[in-house]
Amino acid sequence: MVAAQPASRREAAKAERRARIVEAAASLVREQGFDGVSMVQIAERAAVSPGTLYNLFQTKGAIFRQVFDLDLQEYERLLSLEPARDPLDRMFVAIKLAASLYRGDPDFYRAMARADGEGPEGLGSAIAEPRTAFWQARVADAILAGALRPDTDANILGVALTQLMRGIFLEWAGGVISADRLAQESAFGFAMALLAYAADDEAPSLRQRLRSLQMELAQSSRVEDREAA
């Protein structure tokens with residue numbers, strides 16, 4: 001037991017350095033974007049030597065995988081605190097929460113969109129896979145609750161919802177649409193996709209949601225047209 005104490009202190013110190021490095025990378029990406037951040041800058045911001053940085057993470061991609069994983073964990077924590085009527089409603093609450101986070105921290109999430117396109121270190125799949133699993137789990141919850149038909153394939157529908165959300169997210173990241181428009185378009189797409197699998201007693205509420213969202217989208221389009229004129 002006594003011999004284990006130094007090792008425990010070493011592991012605690014290593015964990016603290018790793019946390020500092022991840023925090024430094026997250027702050028730098030907000031300031032400079034993904035491409036502008038170097039390993040040297042991360043080491044300097046975290047107050048560790050470059051050797052320590054490479055020893056603990058090896059690559060910039062490994063650091064940012066941790067950054068984006070922690071972001072997803074925080075998102076899931078925040079979502080767990082949001083009220084929702086049922087698992088279907090929670091999906092739409094999740095969209096609204098995501099849009100509010102994008103609106104509140106645009107530099108970080110635009111940097112994530114840029115990192116998502118990086119091939120060499122596998123960041124694209126590292127970002128996409130846990131987020132696909134997130135939506136697959138939301139679909140599975142809705143099936144279990146009886147809101148979606150039992151023959152619904154949670155994996156396939158979850159992938160489709162992820163792709164829909166990602167496409168609209170990239171439009172927002174590129175400055176094509178606002179965060180409000182992102183929320184509306186994502187919710188409309190989700191409602192259409194989910195309606196095809198909805199249990200009979202859930203279909204009317206999804207149709208009503210679609211009608212409301214269609215009105216919102218039409219209204220926001222008219223506003224955007226007036227502003228552009």
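Which pattern does the protein chain follow when read along the sequence? In this predicted model, the chain follows the pattern α-α-α-α-α-α-α-α-α-α, and the assignment accordingly comprises ten helices and zero strands. The C-alpha trace spans about 65 × 55 × 30 Å along its principal axes. Of the 229 residues of the protein chain, 41% count as buried, and the accessible surface comes to about 12100 Å², with 54% of that area belonging to carbon and sulfur atoms. When contacts between residues at least 6 apart in sequence are considered, 62% of them join residues at least 24 apart.

The charged side chains were examined next. The protein chain carries 27 positive and 32 negative side chains, and the centres of these two sets lie 4 Å apart. On the surface, a patch of positive charge is formed by Arg9, Arg10, Lys14 and Arg18. One of these residues, arginine 18, has its place in helix α1, which covers residues 4–32. With a relative accessible area of 31%, arginine 18 is partly exposed, a value that satisfies the requirement of over 30% for membership of a patch.

Side chains of opposite charge can pair when their charged atoms come close. Twelve salt bridges are held by the structure. In one of them, the side chains of arginine 103 and aspartate 180 meet at a distance of 2.6 Å, taken from N to O. This pair links distant parts of the chain, since arginine 103 belongs to helix α5 (residues 87–104) and aspartate 180 to helix α9 (residues 179–195), the two residues being 77 residues apart. Both partners fall in the intermediate class of accessibility: arginine 103 is partly exposed, with a relative accessible area of 44%, and aspartate 180 also counts as partly exposed, at 46% relative accessibility.

A salt bridge within a single helix is formed by aspartate 141 and arginine 138, whose closest N and O atoms are 3.2 Å apart. Because the two residues are three residues apart in helix α7 (residues 123–144), they are separated by about one helical turn. The surroundings of the two partners are not alike in their accessibility class, as aspartate 141 is partly exposed, with a relative accessible area of 36%, whereas arginine 138 is buried, at 15%.

A further salt bridge joins arginine 149 to aspartate 151, and here the closest N and O atoms are 3.1 Å apart. Arginine 149 counts as partly exposed at 30% relative accessibility, while aspartate 151 is exposed, with a relative accessible area of 58%. Elsewhere, Arg85, Asp89 and Arg209 are joined into one network by salt bridges that share partners.

Helix α7 also contains arginine 131. The relative accessible area of arginine 131 is 16%, so this residue is classed as buried, the limit for that class being under 20%. When residues up to four places away in sequence are not counted, arginine 131 touches Phe68, Asp71, Leu72, Met112 and Thr162.

The backbone was considered last. Most residues other than glycine have a negative phi, and most peptide bonds are trans. Alanine 47 has a phi near 60°, a positive value in a residue other than glycine. This alanine 47 is found in the loop between α2 (39–46) and α3 (50–57), where, at 63% relative accessibility, alanine 47 counts as exposed. Glutamine 58 likewise has a positive phi, near 70°, and is again a residue other than glycine. The place of glutamine 58 is in the loop between α3 and α4, the latter helix covering residues 60–81, and glutamine 58 is partly exposed, with a relative accessible area of 48%.

Key:
Residues are numbered from 1 along each chain as its sequence is written. This is a predicted model: local features need pLDDT of at least 70, side-chain atom pairs count only at pLDDT 80 or more; totals for chains, interfaces and linings use all residues. Side-chain values use heavy atoms; hydrogens and water are left out. Helices (H or I, at least four residues) and strands (E, at least two) are DSSP runs, numbered from the N terminus. Buried means under 20% relative accessible area, exposed over 50%, partly exposed in between (1.4 Å probe, protein chains only). Contact means heavy atoms within 4.5 Å. Accessible areas come from the Shrake-Rupley method with a 1.4 Å probe; for residues, only the protein chains shown count as cover. Lys and Arg count as positive and Asp and Glu as negative; His and the chain ends are not counted. The place of a charge is taken as NZ of Lys, CZ of Arg, CG of Asp or CD of Glu. Patches are made of residues with over 30% relative accessible area and no salt bridge: like charges are joined within 9 Å, nonpolar side chains (Val, Leu, Ile, Met, Phe, Trp, Tyr) within 5 Å. A salt bridge is a side-chain nitrogen of Lys or Arg within 4 Å of a carboxyl oxygen of Asp or Glu.
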